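The following exercises practise the reading of a structural model. Please attempt each task before turning to its solution.

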Amino acid sequence: MTPLPKRRWSRARQGQRRTTIKLKTNQLQVCPHCQALKEPFVVCSNCGYYNGVQVITPKVEKPAKNEKPS
Ligand SMILES: [Zn+2]
C-alpha cells in the first residue's frame with residue numbers, strides 16, 4: 001500500500017500552493033546584425049545570422065492574398 005493523503009486539500013489551499021507556479025517569458029536579446037529581438041543562443045529568425053555568420057536564409061515574406069498584383 002502506498003501512503004495516501006489523509007484528506008483532500010481544499011481549493012483554497014490548492015490555489016495557495018499554485019500561486020508560485022507561473023509561466024516564464026523567454027529572455028530576448030537584440031540581434032547585433034539587424035537589431036531585431038531574438039532568443040539568446042538561437043539563430044536570428046529575422047536575418048538568419050548567428051555569431052556574425054549567416055547560417056540560414058530567412059524566409060521571404062509573401063505578399064498578402066488581399067493585395068492584387070499590379
Ligand atoms: Zn538578426
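A residue is called buried under 20% relative accessible area, exposed over 50%, and partly exposed in between, with a 1.4 Å probe and protein chains only. The model is a predicted one, in which local features need pLDDT of at least 70, side-chain atom pairs count only at pLDDT 80 or more, and totals for chains, interfaces and linings use all residues. Residues are numbered from 1 along each chain as its sequence is written, and side-chain values use heavy atoms, without hydrogens and water.

**Exercise 1.** Determine which class of exposure applies to Q35 and to N51, and describe the phi of each.

*Solution.*
Step 1. Q35 is found in the loop between β1 (29-30) and β2; strands (E, at least two residues) are DSSP runs, numbered from the N terminus.
Step 2. Q35 counts as exposed because its relative accessible area is 54%.
Step 3. The phi of Q35 is positive, about 65°, although Q35 is not a glycine.
Step 4. N51 belongs to the loop between β3 and β4 (53-54), and N51 is exposed because its relative accessible area is 71%.
Step 5. N51, also not a glycine, has a positive phi near 60°.
Step 6. For background, most residues other than glycine have a negative phi.

**Exercise 2.** Describe the surroundings of K38, a residue of strand β2 (residues 37-38).

*Solution.*
Step 1. K38 is buried and has no salt bridge, that is, no side-chain nitrogen of Lys or Arg within 4 Å of a carboxyl oxygen of Asp or Glu.
Step 2. The nearest side chain of opposite charge, E39, is 9.0 Å away; Lys and Arg count as positive, Asp and Glu as negative, while His and the chain ends are not counted.
Step 3. The side chain of K38 reaches the backbone oxygen of V42 at 3.3 Å.
Step 4. Neighbours within four places in sequence aside, K38 is in contact (heavy atoms within 4.5 Å) with residues including Q27, L28 and C44.

**Exercise 3.** Is C47 buried or exposed, and which residues does it touch?

*Solution.*
Step 1. C47 sits in the loop between β2 and β3 (49-50).
Step 2. C47 is buried because its relative accessible area is 9%.
Step 3. Not counting residues up to four places away in sequence, C47 touches C31, H33, C34, Q54, I56 and P58.
Step 4. The C-alpha atoms of C47 and P58 are 5.8 Å apart, with a separation of 11 residues in sequence.

Definitions and conventions. Polar contact = N/O pair within 3.5 Å; in protein donor to acceptor, adjacent residues only side chain to side chain. Helix = DSSP H or I, 4+ residues; strand = E, 2+ residues; numbered from the N terminus.
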